[in-house]
Amino acid sequence: MAWVILLMAAVLEIGWAVGMKYTDGFTRLWPSVLTIGMMAASMFLLALAVRTIPVGTGYAVWTGIGALGTAVLSAFLFGEPVTIWRGLCLVLIVGGVLGLKLSAS
C-alpha cells in the first residue's frame, strides 16, 4: 500500500509542478490555491509512504516520477523541446526509479 501512496504523491507532484506555470508567480488566486493544495497533499502522502519505504528510496522515486511526468506533460502543454538528449536523460530517470523500486523489494 505504501507504494500506491507514493505513486499518488508523485502524481500530485507532477500536478503542482505544472500548476506553478499557471499561477503566474503565485499572482493568480485559483491556480495558486490549487497548486498549493497539491503541494501539501503530495508532501503529506510522501510522509505517509516513507513510514514504510526507506526515506532515501521514497524521496528518489517521488522526485524521479515527478521529474519524468513534469517533463513529458510540459512538452505537450507548453511545447517544451523534445530532443534526443532530453529523451535519453528521461530514460535514465526511469531506469533509476525502477532500480530503486526493485532493490527495495
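The following is a working conversation about a predicted model and its helices, core and surface.

Colleague: What kind of model is this, and how are residues numbered?

Modeller: It is a predicted model, in which local features need pLDDT of at least 70 and side-chain atom pairs count only at pLDDT 80 or more, while totals for chains, interfaces and linings use all residues. Residues are numbered from 1 along each chain as its sequence is written, and side-chain values use heavy atoms, with hydrogens and water left out.

Colleague: Let us begin with helix α1. Why does its span agree with expectation?

Modeller: Helix α1 covers residues 2-23, and its 22 residues should span 32 Å at 1.5 Å a residue; the end C-alpha atoms are 31 Å apart, which agrees. The expected span is 1.5 Å times one less than the number of residues. Helices here are DSSP runs (H or I, at least four residues), numbered from the N terminus.

Colleague: Which residues of α1 are buried?

Modeller: They are A2, I5, L6, A9, A10, E13, I14, G15, W16, V18, G19 and T23. Buried means under 20% relative accessible area, exposed means over 50%, and partly exposed lies in between (1.4 Å probe, protein chains only).

Colleague: What do those buried residues pack against?

Modeller: They pack against α2, which is residues 29-49, and against α3. Contact means heavy atoms within 4.5 Å.

Colleague: Which residues make up the largest nonpolar core?

Modeller: That core has 12 residues in all: A2, I5, L6, A9, A10, L45, L46, A49, I53, V61, W62 and V97. Two or more residues come from each of α1, α2 and α3, and α1 gives the most, with five residues. A nonpolar core is a set of buried Ala, Val, Leu, Ile, Met, Phe, Trp, Tyr and Cys residues joined through side-chain atoms within 4.5 Å. In soluble globular proteins, nonpolar side chains tend to be buried together.

Colleague: Take L46 from that core. What is it in contact with?

Modeller: Leaving aside neighbours within four places in sequence, L46 is in contact with L6, A9, G58, Y59 and W62.

Colleague: And S42, is that residue buried or exposed?

Modeller: S42, in helix α2, is buried, because its relative accessible area is 0%. Not counting residues up to four places away in sequence, S42 touches A9, L12, E13, W16 and W62.

Colleague: M38 is also in α2. What does M38 contact?

Modeller: With neighbours within four places in sequence left aside, M38 is in contact with L12, G15 and W16. M38 counts as partly exposed, because its relative accessible area is 24%. The C-alpha atoms of M38 and A17 are 9.2 Å apart, and these residues are 21 residues apart along the chain.

Colleague: Now the loop between α1 and α2. What is the phi of D24 there?

Modeller: Phi of D24 is near 55 degrees, a positive value in a residue other than glycine. D24 comes just after α1 and counts as exposed because its relative accessibility is 52%. Most residues other than glycine have a negative phi.

Colleague: What about F26?

Modeller: F26 lies in the loop between α1 and α2 as well, and has a positive phi of about 60 degrees although it is not a glycine. F26 is partly exposed, with a relative accessible area of 41%.

Colleague: Moving to α3, how far does that helix reach?

Modeller: Its 24 residues reach 32 Å from the first C-alpha to the last, close to the 34 Å expected at 1.5 Å a residue. The buried residues of α3 are T57, G58, V61, W62, G64, G66, G69, T70, A71 and S74, and what covers them includes α1, α2 and α4. After α3 comes G79, whose phi is positive, near 70 degrees.

Colleague: Which residues make the nonpolar surface patch?

Modeller: Y22, V72, L73, F76 and L77 make a patch of about 490 Å². Its largest share, four residues, comes from helix α3, residues 55-78. Patches are made of residues with over 30% relative accessible area and no salt bridge (a side-chain nitrogen of Lys or Arg within 4 Å of a carboxyl oxygen of Asp or Glu); like charges are joined within 9 Å and nonpolar side chains (Val, Leu, Ile, Met, Phe, Trp, Tyr) within 5 Å. Accessible areas come from the Shrake-Rupley method with a 1.4 Å probe, and for residues only the protein chains shown count as cover.

Colleague: How accessible is V72?

Modeller: V72, in helix α3, is partly exposed, with a relative accessible area of 37%.
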